[in-house]
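Hi,

Here is the structure you were waiting for. Have a look at it first, and my notes on it follow below.

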Amino acid sequence: MSPRAGNAGPHTLAFVESPVQLLNVLEWAHVHAPGAGLTLVVLSPVDPMTRGQLRRMAELAREEGYEVRWEEARGGASAPFQTIGGLMGPLRRAERIVMGDPFSRYVQLLLTITRARDLVVVDDGTATMEFVAQLARGERLERWHRRGSRPGPRDLLFAPVSSSARRRLTPGERRRVEIFSSMPIDEAPGGVTVTANDFSWTRTRFGPPRITKGADMVGTSLVETGVVDGERYIDAVRSLAKTHGARRYFAHRRESTDKLHRLAVETGLEIVRPDLPLELIARRGPVGRTILSFPSTVVHTLPLALAGTDVRVAVCDINPEWLTRTASPRAQGFLDGVTGTARDVHRLSAVRAV
């Protein structure tokens, strides 16, 4: 038994589906070190890039002394039934549930099973801002880039489970809810405890990094989610790279291979597919003196992870002309909010195509 798993007190079960979620569970556990033993349950996705990063993060979690349970939760038609069936016992025994994605249908379904009185939502990036706002307004849980779109048959079928999850995530006499986040939380519902994530585990565990000349660029999956037009995005990356002397492009794990190939050919950037979340990659180094990004989670997290270094994080606004016709009506306002609320970043005007 690992040292931390044997700690006295309530046992904690954490559900993660992405490397960033796993990182933020480790950050939460670092802050709550005197608490209960922690079992991390990885609800593995099918995407190879995400799976690879999750494997590496799982290794770090085990090195920290935590138990990790890897579930092939999407490995075929029977996988969900096997996963949920195998988790019934741990779910009913757990006194605290930590989750990285309250929008996940998997997580919402698991919430209907648990009897835990303590629920914790750790950062899943900018989605956390939308989750808190929807919870405060009593709205149904829906990812920001899908707001305004018509619900599909699966959405309607799953609506009762989603409603039940929202009720369980609302604090009451028999339920405590905590949000552990590095994002700006301005309208948390009454009774919800908000704890700041300052990436103290990351800064303790890694770095400080060696800083190189020039700039690095951080990729985004806004094209893949249908928010930004692909041609406009490539033009913007080309312009930014030329203007700021960027040399490397750290790909988002959900960026398509075809788009990354075009970026490499048309911009001359070295495409890097990180094997860990960017906060850890940057903290380990080497890293450029300037990190260029579009509106995304990293404009909030990188300044915290790189605190005490001379690295500058600069964010480029999304030009409204880049949005696709099918983008959510709320897309521009949400992306502007992500940039506008970021602390300790240099704001760049939206670039024009070159």
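Before the helices, a word on angles: axes are lines fitted to C-alpha atoms, for helices over the stretch in contact, and angles run from 0 to 180 degrees between N-to-C directions. Helices (H or I, at least four residues) and strands (E, at least two) are DSSP runs, numbered from the N terminus. Please keep in mind that this is a predicted model, in which local features need pLDDT of at least 70 and side-chain atom pairs count only at pLDDT 80 or more, while totals for chains, interfaces and linings use all residues. Residues are numbered from 1 along each chain as its sequence is written, and side-chain values use heavy atoms, with hydrogens and water left out.

Let me begin with a helix pair. Helix α8 (residues 230-244) and helix α9 (residues 257-267) have axes that come within 10 Å and cross at roughly 40°. That makes α8 oblique to α9 (under 35 degrees counts as roughly parallel, over 145 as roughly antiparallel, 65 to 115 as roughly perpendicular, and the rest as oblique). In contact terms (heavy atoms within 4.5 Å), E231, Y233, I234, V237 and R238 of α8 meet K259, R262, L263, E266 and T267 of α9. These residues divide into 4 nonpolar, 1 polar and 5 charged (Ala, Val, Leu, Ile, Met, Phe, Trp, Tyr, Cys and Pro count as nonpolar, Asp, Glu, Lys and Arg as charged, and the others, Gly among them, as polar).

Now the sheets, where two strands pair if DSSP finds at least two bridges between them. One open sheet has 7 strands in the order β3-β2-β1-β4-β5-β6-β7, with parallel pairing. β3 (67-71) and β7 (193-196) are at its edges with a single partner strand each, so one side of each has no neighbour in the sheet. Within this sheet, β5 (residues 118-122) and β6 (residues 176-181) pair in the parallel sense over 5 bridges, and L119 has V177 in β6 as its bridge partner. Helix α3 (residues 79-93) lies across β1 (12-16), β2 (38-43), β3 and β4 (96-99), and runs at about 155° to β3.

The other open sheet has 6 strands, ordered β10-β9-β8-β11-β12-β13, and its pairing is parallel too. Its edge strands are β10 (270-272) and β13 (346-348), each pairing on one side only.

Lastly, helix α5 (residues 127-137) is mostly covered, with 9 of its 11 residues buried (under 20% relative accessible area, with exposed over 50% and partly exposed in between, 1.4 Å probe, protein chains only). G138 follows α5 and has a positive phi, near 70°.

Best wishes
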